[in-house]
Amino acid sequence: MKSVMTFAATLLVAGSALAADGAALYKEKTCTACHGPDGKKTLMPDYPKIAGQTPEYIERQMLDIKSGARANGNSAAMKGVMEIVSEADIKALAAYVSTMK
């Protein structure tokens, strides 16, 4: 039981660190330009509001845009940005975006 609690605490701390890194990356990688500083006020009406989405969803969308698996809608606007975002950055960004309310 103690090891399960230790593991859970480790995940919580790791998730918090990812979200903190994600906050800096959200600004650095220009996410604010299209999705707004809070993830809810987008540049264009048809850009997605991303605040509060699950980390798995956000990560999958970014990975699919990066790989070209998702090439519909406004994904072309993000394709250039995804070239400068690593897989570690994607995980951190996804963790952060999921905490936005």
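Let's start with the lining of the largest pocket. Four helices, α2 (31–35), α3 (55–67), α4 (75–82) and α5 (87–99), each supply at least two residues of that lining. One caution before I go on: this is a predicted model.

How many residues line the largest pocket? The count is 28. Nearest its centre lie H35, P48, I50, I65 and M78. What is the make-up of the lining? It divides into 18 nonpolar residues, six polar and four charged. And the volume of this pocket comes to about 510 Å³.

Now step back to the whole chain. The protein has five helices and zero strands. Along the sequence, the pattern reads α-α-α-α-α. There are 101 residues, and 31% of them count as buried. The exposed surface is about 6400 Å². Carbon and sulfur atoms supply 64% of that surface.

How do the contacts spread along the sequence? Take the contacts with a separation of 6 or more. Of these, 60% join residues that sit 24 or more positions apart. Keep that in mind for the next few slides.

On to helix α3. I'll take three residues from it.

Begin with Q61, found in helix α3. Is Q61 buried or exposed? Q61 is buried, at a relative accessible area of 18%. Follow Q61 across to A94. The two are 33 residues apart in sequence, yet their C-alpha atoms are 9.7 Å apart in space.

Next is L63, also in helix α3. L63 is buried, with a relative accessible area of 18%. Which residues does L63 touch, leaving out those up to four places away in sequence? They are E87 and I90. Look at I90 again. L63 and I90 are 27 residues apart in sequence. C-alpha to C-alpha, the gap between L63 and I90 is 7.7 Å.

Third comes D64, which lies in helix α3. D64 has a relative accessible area of 17%, so it counts as buried: the cut-off is under 20%. Setting aside residues up to four places away in sequence, D64 touches A69 and R70. There is a longer step in sequence to M82. D64 and M82 are 18 residues apart along the chain, and their C-alpha atoms are separated by 9.9 Å.

Now cross over to helix α5, where A94 lies. At 1% relative accessibility, A94 is buried. What does A94 touch, not counting residues up to four places away in sequence? The list is P55, I58, E59 and M62. A94 also pairs up on a long sequence span with A23. That span is 71 residues, and the C-alpha atoms of A94 and A23 are 10.0 Å apart.

Next, the loop between α1 (2–28) and α2, where T30 is found. T30 has a positive phi of about 65 degrees, although T30 is not a glycine. As background, most residues other than glycine have a negative phi. Is T30 buried, exposed or partly exposed? T30 is partly exposed, with a relative accessible area of 43%.

Last topic: the cysteines. How many disulfides does a search of the whole structure find? Zero. C31 is in no disulfide, and the nearest cysteine sulfur, that of C34, is 8.8 Å away. For anyone new to the term, a disulfide is a covalent bond between the sulfur atoms of two cysteines. Why is there no bond between C34 and C31? The two sulfurs are 8.8 Å apart, which is too far, because a disulfide needs them within 2.5 Å. As for burial, C31 is buried, with a relative accessible area of 15%. C34, at 25% relative accessibility, counts as partly exposed.

A quick recap. The protein has five helices and zero strands. Its largest pocket is lined by 28 residues, 18 of them nonpolar. In helix α5, A94 is buried at 1% relative accessibility. In the loop between α1 and α2, T30 carries a positive phi. And the search for disulfides finds zero. Remember, too, that the model is predicted. That's it from me.

Note on methods
Residues numbered from 1 in each chain as written. Predicted model: local features only at pLDDT ≥ 70, side-chain atom pairs only at ≥ 80, totals over all residues. Heavy atoms only, no water. Buried < 20%, exposed > 50% of the residue type's maximum accessible area, 1.4 Å probe, protein only. Contact = heavy atoms within 4.5 Å. Areas by Shrake-Rupley, 256 points an atom, 1.4 Å probe, with all protein chains shown as cover. 1 Å grid on protein atoms, 1.4 Å probe; cavity = no way out; pocket = protein on both sides within 12 Å on 5 of 7 lines; lining within 4 Å. Points joined across faces, edges and corners; volume = space filled by probe spheres on them. Nonpolar A, V, L, I, M, F, W, Y, C, P; charged D, E, K, R; others polar.
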